[in-house]
Amino acid sequence: MYLAKNKTEIFNNVENFSKSSTRTQDVKVIAVTKYVEAEVAHQLIETGVRHIGENRVDKFLDKYHALADQPVTWHLIGSLQRRKVKDIINFVDYFHALDSVKLAQEIDKRADHVINCFLQVNLSGEATKHGFLQDDINQALEEIAELPNINLVGLMTMAPQEASQAELESLFEATYQLKEEIRARKITNMPMTELSMGMSGDYSIAIKHGATFVRIGTAFFQ
Ligand SMILES: *Cc1c(COP(=O)(O)O)cnc(C)c1O
């Protein structure tokens, strides 16, 4: 069964990469199930996966309702339109794509409890990527600090698809350093202990630079 085999291989890789990383972090694997139906996601859970990620609201809700009794943590990893916040936010354990202050304000308003969020940052400045540009981050943090229903657990980033190994190294390292810098400010609703970075093609490099959540899709299902 390829699911079980892929799962074992991915979890072994993650353990080995994190052991050889100079940053001795605990790394959680989010299985990104956007390519498969709920039934396949269920089989994956049976292999021992405990974090499920979806990038779209409709697909998140399908899986969430189909697998409501399963012992998993639910991650919304893709961008969220403000008008859809009320339909989903209270079901999400971690939201990885907080990319505007207006979205944060809408989440704060619609949440019935404190929501764990990652600030999505775009330190490469690539125009097609979502996420805060370097120059806009401090202003955003000031405004988000006023929102009691937002808990900023860390930063999330996505590398440009064509990035070289050297570019990935410097992007992931810059994201780690920024996370540490914000954490040192000790802002009440910003513990900043987590880093969501690394996908099927680049999770070894992300873990080397301090990722605590990797978001892996393709490698589970190939
Ligand atoms: C699809 C997706 C992933 C997983 O990517 P793979 O290359 O399939 O591992 C990770 N993060 C986000 C935001 C995604 O949309």
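This is a short talk on a predicted model, going through its annotations, its largest pocket and its nonpolar cores.

Okay, hi everyone. Keep in mind throughout that what's on the screen is a prediction.

Let's start with what the records say. UniProt, in an unreviewed entry, lists residues 11-221 as "domain: Alanine racemase N-terminal". In the model, that span is 38% helix and 18% strand, and its end C-alpha atoms lie 14 Å apart.

The same kind of record brings us to one lysine. UniProt puts the feature "modified residue: N6-(pyridoxal phosphate)lysine" at K34, again from an unreviewed entry. So where does K34 sit? Look at the loop that runs between β1 (28-32) and α2 (38-46), and you'll find K34 there. Is K34 buried or exposed? Neither, really: K34 counts as partly exposed, because its relative accessibility is 27% and that class runs between 20% and 50%. If we skip residues up to four places away in sequence, K34 touches G53, E54, N55 and K59.

Now, the pocket. The largest one has a volume of about 620 Å³. It's lined by 27 residues, and here K34 turns up again: K34, M158, Q161, M199 and R215 are the closest to the pocket's centre. As for what the lining is made of, we have twelve nonpolar residues, eleven polar and four charged.

Next, the inside of the protein. Nonpolar side chains tend to be buried together in soluble globular proteins. In this model, the largest nonpolar core has 68 residues, and F95, L98, L119 and L152 have the most contacts inside it. Which helix gives the most to this core? That's α7, residues 165-184, with six residues. There's also another core, lying apart from that one, with six residues, including Y94, V153, M156 and F213.

Let's zoom in on F95 for a second. Leaving out neighbours within four places in sequence, F95 is in contact with L76, G78, L80, L103, I107, N116, C117 and F118.

One last stop, back on helix α7, where we find A166. This alanine counts as exposed, because its relative accessibility is 56% and the cut-off for exposed is over 50%. A166 and I205 are 39 residues apart along the chain, and their C-alpha atoms are separated by 9.9 Å.

If you take one residue away from this, take K34: UniProt's annotated lysine, and one of the residues closest to the centre of the largest pocket. Thanks, everyone.

How values were computed: Residues are numbered from 1 along each chain as its sequence is written. This is a predicted model: local features need pLDDT of at least 70, side-chain atom pairs count only at pLDDT 80 or more; totals for chains, interfaces and linings use all residues. Side-chain values use heavy atoms; hydrogens and water are left out. On a 1 Å grid over the protein atoms alone, a cavity is a set of points where a 1.4 Å probe fits but cannot get out, and a pocket is an open set with protein on both sides within 12 Å along at least five of seven lines; lining residues have an atom within 4 Å of a point. Grid points are joined across faces, edges and corners, and a volume is the space filled by probe spheres set on the points. Ala, Val, Leu, Ile, Met, Phe, Trp, Tyr, Cys and Pro count as nonpolar, Asp, Glu, Lys and Arg as charged, and the others, Gly among them, as polar. UniProt positions are given in the numbering used here, feature names are shortened, and annotations may be inferred rather than shown by experiment. Helices (H or I, at least four residues) and strands (E, at least two) are DSSP runs, numbered from the N terminus. A nonpolar core is a set of buried Ala, Val, Leu, Ile, Met, Phe, Trp, Tyr and Cys residues joined through side-chain atoms within 4.5 Å. Buried means under 20% relative accessible area, exposed over 50%, partly exposed in between (1.4 Å probe, protein chains only). Contact means heavy atoms within 4.5 Å.
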